[in-house]
Amino acid sequence: MSMGFLPVLLPTDVLLWLLVAALAGYFAYCRRRPHLAAPWVRVLKSRAAIVSLVLLAGYGVVGLADSLHFRRALPPAGPGDATAYSPEVLSVLDLALAHLRHSTEKTYSAPLATRLFVREEIEMPDGRVLRDYPRLRFGGAQLASEADRGADVARRTLAGLAGAALLWGLLGFALRPLRRRFPEVPWGPGYVTLGAMLALAGPAFALSLGYHVLGTDKVGQDVLYLSLKSIRTSLVIGTLTTLVMLPLGAMLGVAAGYFKGWVDDLIQYLYTTLNSIPAVLLIAAFILMMQVVIERHAEWFPTAAQRADVRLLLLCAILGVTSWTGLARLLRGEALKLGELEYVQAAHGFGVSHLRILTRHMLPNVAHIIIISLVLDFSGLVLAEAVLSYVGVGVDPATTSFGTMINAARLEMAREPIVWWSLASAFGFLLVLVLAANLFADAVRDGFDPRVRIGLAAARRAAKEAAA
Amino acid sequence: MLAYVIRRVLYAIPILIGVNLITFVLFFVVNTPDDMARMQLGAKRVTQAAIDHWKAEHGYDRPLLWNPAASGLGKATDTIFFRKSLRLFAFDFGASEDGRDIAAEIRTRMWPSLALAIPVFLVGLAVNVTFALTMAFFRATYLDFWGVVLCVTMMSISTLFYIIGGQYLVAKLWHLVPISGYEGGLDAIKFLILPVAIGVVSGIGSGSRWYRTLFLEEMGKDYVRTARAKGLSEAVVLFRHVLKNAMIPILTGVVVVIPLLFMGSLLMESFFGIPGLGSYTIDAIQAQDFAVVRAMVFIGSVLYILGLLLTDLSYTLVDPRVRLE
């Protein structure tokens, strides 16, 4: 019996889901400890945090749906054959967007267009050859006459809005018990944001069934589909990098500040050396070298998707190696201060072991710095991906990402008339993601940084307003 | 003071050795020169003879660390490590993979890079400080609030967007400046004005928000209260007292990047066709010219260490309380 599909566990999928599980575990742990929950409660009381959380959740749902991969079974060649699986690795998101994945055109077409963006020779039924913009294979193919497009678009938009409104109402109803339980959370702004997101997504989906909502790119792929696929890459880079950065930065930084002496010298030497190499060059050198290794061992990777995925993971690893130094320096300074405090001295006096002092007394007291800097780094990493992909040392060219989209669309600016939609979509999706991440990071900083709470009133108010 | 500087310079040596080791491991141990030759020659099925020829031509045919075939000192010097890595210490960069002298290339390319990077740095600093000071002056008002919102939005926009958008709008649509290219002398201005403007604008968001925090922190200090208590106007307090003191962290914070201005800007130079070190680096990365990448890594780390030293020295210059021991 064949299952019909073969689950594919890409390394980044596994790590991403582990990260989600770890986060869930952390919040469950926090819930039962008021002193750990307090800063998060402060964060959740901020309107900016709620608005950005709703936006990030939207991105998260798309990204996680794109992180469940499988390979379809091919129809058996003969009776009794072992099931063979297609080499194409698909995700759950691909299933939901199957109509977009298959609806490729020949080349560029504008958003909601019914005809191609470039002229072609069309053979008429009577044998004459005409130079004109040919009709699209998919976009508006359901229309009997192109004059109906306006009415059809309006009808679909309204249907999409109606569906969105229904979903909005249902979600609001489902969230009511939560709302009653946590009245201090500003649900209103979050609910409005959700409504705005649905009001965009609903019509977009309804229209995508008959048109290319954001046009098509050079090889005729739907730009909306590409943009949605890029989200996962951004999330992977923004989150998995921390898996390298966090242990390195936290352990080495705290150890340097706590042990002082030669340990401190050694760790300082390590991060000064790493820091002194320009980050782009270090990443470039590493990625170029790894590319050679990957090419030499093509047999390690059964599918192209798995190879691209390993390269993505390596990019996260090297980004982590270049970015742990900032965290380590911060933590070293903090650990130097903490080490002089009475309670740590007392622990020494009682003969508590170094390991125990580090894990029980030092780490919990620098946790706020770790959390703040992890959240702050997310947006920088997402933006860095675009630049690195432009330089040619980012993700695999086969991986869809905002960087590869921008890189491919860059030359289209020189076309006359200009092809603006792929660039605009990539930058638009990127901007909303990074803006939401930045706003959330601000709210987290305000919630966790003790200086903000006890600091001067003016700075506090200004910081709060900045977050709002 | 002098003793301190000498000690710091000596301290730079182990760091540079470390940098050298990292690049050596990345470039020669992870990948053998054979792999490099295969990649440079391009084709999948190159003959071993072609590889050997390429290696001999570029001097990669020696052993990595120890050459038992050579005599005397040659055992250590006639190796890839000595010839390709240690020679960088003497600023002897050798030739790029296409045979051109890297040092000469760097000497001609650093001027366009500096012509772009220095104005971006100076104008950017002035604009950011002005912007931040304005926000701090109107702190806790709507002007401050919307200023911060603007900053957060601006820092959320990808640099690529500023470059592509600016180039399209100013150069292509309005025809105010040439789209790309470069000329020496005064003609350079018309090629540089747009990249400089874009460089400044793309830095406003993060820069002025950071400086605003510094200003606000400074304004909470006791001497500011004293100044206000003796009846000074808010403008005088801000410009005469706060600005001066807040410039200490600002200046010492930016000193570290001054030497790195030599390296140029990767994105800006490659988008605007400016023949500086940034576009040189990016071309080398894309052509996988490892000799150039190695040289740029080394120069970058030397400049960074120089920046750290200058940072320490600048503390004593702007803040008389700091004494270097």
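Begin by selecting R156(A) and D152(A), which in this predicted model form a salt bridge whose closest N and O atoms are 3.1 Å apart. Both residues lie in helix α6 of chain A, residues 149–174, where they stand four residues apart, about one turn of the helix. If you switch on a surface, keep in mind that R156(A) is buried and that D152(A) is buried as well.

Next, stay in chain A and select E340(A) together with K260(A), whose side chains meet in a salt bridge at 3.3 Å, N to O. This pair links distant parts of the chain, since E340(A) sits in the loop between α12 (304–339) and α13 (342–349), while K260(A) sits in the loop between α9 (223–259) and α10 (261–276), 80 residues apart. K260(A) is partly exposed, because its relative accessible area is 31%, a value that falls between the 20% and 50% cut-offs.

Still in chain A, select R115(A), D132(A), R135(A) and E146(A), which are linked in a network of salt bridges. Then move to L112(A), in the loop between α5 (98–102) and β4 (120–123) of chain A, where phi is near 60°, a positive value in a residue other than glycine.

Now turn to chain B and select A140(B), in the loop between α6 (102–137) and α7; this residue, too, is not a glycine, yet has a positive phi of about 60°. From there go to D144(B) in helix α7 and R212(B) in helix α9, which are 68 residues apart in chain B and whose side chains meet in a salt bridge at 2.8 Å, N to O. Both of these residues are buried.

The last stop is the interface, so select R209(B) and D442(A), which form a salt bridge with the closest N and O atoms 2.8 Å apart. Between chain B and chain A the count is one salt bridge, and seven residue pairs are found in polar contact across the interface, both residues being at pLDDT 80 or more. Among the elements that give two or more residues to the side of chain B that touches chain A are α1 (2–29), α9 (188–219) and α14 (290–318) of chain B, and α14(B) gives the most, with nine residues. By class, that side of chain B has 33 nonpolar, 13 polar and six charged residues.

To see the whole contact, select the 52 residues from chain B and the 53 residues from chain A that take part. The area buried between the two chains is about 4500 Å², of which carbon and sulfur atoms give 73%.

Notes:
Residues numbered from 1 in each chain as written. Chains lettered and ligands numbered in written order. Predicted model: local features only at pLDDT ≥ 70, side-chain atom pairs only at ≥ 80, totals over all residues. Heavy atoms only, no water. Contact = heavy atoms within 4.5 Å. Buried area = accessible area lost by both parts, 1.4 Å probe. Salt bridge = Lys/Arg side-chain N within 4 Å of Asp/Glu carboxyl O. Polar contact = N/O pair within 3.5 Å; in protein donor to acceptor, adjacent residues only side chain to side chain. Nonpolar A, V, L, I, M, F, W, Y, C, P; charged D, E, K, R; others polar. Buried < 20%, exposed > 50% of the residue type's maximum accessible area, 1.4 Å probe, protein only.
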